[in-house]
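Subject: Structure handover

Hello,

Here is the structure we talked about. Please open it first, then read the notes below.

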Amino acid sequence: MATGKLIIFSAPSGSGKTTIVKELLKIFPQFEFSISATSRQPRGQEQNGVDYFFLSQEEFRTKVQADEFVEWEEVYNGTCYGTLKSEMERIWGKGNVIIFDVDVMGGINLKRIFGEAACSMFIMPPSVEELRRRLEGRGTDSAETIEKRVAKADFEISKSGEFDYVVVNDVLEDAIAKARRIIENFLA
Ligand code: ADP
């Protein structure tokens, strides 16, 4: 199997992870997203092979038994998410660096598995109040969803110490610059 490096980004929803990663992708052309597999149904505009590899419960189970996952987890109501070995091989085969945009537990698992080959970064909001303001400002979630995301944030923040680096996203440009320096050091 081809091997290479991976960079993991995790954060409470609304911290600005997507915004930061998008900017980093412009700076580092060798970065490529790992597409996760999931057993849930596609939502809205989501496309198979773009947002996720959408598998039936049955297909997911079969791949688990065939040892085709690097790691996987069952979230709630039986929905599974995981990283396929084939996806990592595809990206490393091209000589690219794999970018993971994953939930906090997924990020911790991947770091544990890949050790020195992985750089894990936790994007931290300046405060939970600011996190709420950003989620409200983004305008993509219902009030109920925002409450759920905020409620989850305390737990997620409590796990931030398990990441290699914590980048506080207060002033966006500063956070991007800090993440950029961390990545340049890691890749050097
Ligand atoms: P995530 O991917 O972590 O859920 P987003 O990247 O969607 O978060 O950012 C959440 C909202 O906060 C977006 O509306 C984004 O434009 C805004 N945002 C991101 N970074 C900052 C920042 N440093 N200061 C203020 N607003 C920000």
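The model is predicted. I began with the ligand and one of its contacts: a nitrogen atom of the ligand is 3.3 Å from a polar backbone atom of Leu 172. The protein covers 75% of the 560 Å² of accessible area that the ligand has on its own.

Two further contacts involve oxygen atoms of the ligand. At Gly 14, the backbone supplies the partner, an N or O atom 2.7 Å from a ligand oxygen. At Thr 18, the partner is an N or O atom of the side chain, 2.4 Å from an oxygen atom of the ligand.

Which residues come nearest to the ligand? There are 13 residues around the ligand, and Gly 14, Thr 18, Thr 19, Asn 169 and Asp 170 come nearest. Sorted by class, this shell holds seven polar, four charged and two nonpolar residues. Helix H1 (17–27) and helix H5 (128–138) each supply at least two residues of the shell. H1 gives the most, with three residues.

Next, the pocket. The ligand sits in the largest pocket, which has a volume of about 1800 Å³. The lining of this pocket is made up of 48 residues, and those nearest its centre are Ser 13, Lys 17, Tyr 52, Asp 101 and Arg 149. By class, the lining has 18 charged, 16 nonpolar and 14 polar residues.

Which element gives the most to the lining of the largest pocket? That is H6, with six residues. Helix H6 covers 143–158, and at least two lining residues each come from H6, H1, H5, helix H4 (104–114), strand S5 (69–74) and strand S6 (80–84).

To go through it yourself, start at Thr 18, whose side chain has an N or O atom 2.4 Å from a ligand oxygen. Then turn to H6, which gives the most to the pocket lining.

Regards

Methods
Residues numbered from 1 in each chain as written. Predicted model: local features only at pLDDT ≥ 70, side-chain atom pairs only at ≥ 80, totals over all residues. Heavy atoms only, no water. Near = heavy atom within 4 Å. Polar contact = N/O pair within 3.5 Å; in protein donor to acceptor, adjacent residues only side chain to side chain. Areas by Shrake-Rupley, 256 points an atom, 1.4 Å probe, with all protein chains shown as cover. 1 Å grid on protein atoms, 1.4 Å probe; cavity = no way out; pocket = protein on both sides within 12 Å on 5 of 7 lines; lining within 4 Å. Sits in = over half its atoms within 2 Å of the grid points. Helix = DSSP H or I, 4+ residues; strand = E, 2+ residues; numbered from the N terminus. Nonpolar A, V, L, I, M, F, W, Y, C, P; charged D, E, K, R; others polar. Points joined across faces, edges and corners; volume = space filled by probe spheres on them.
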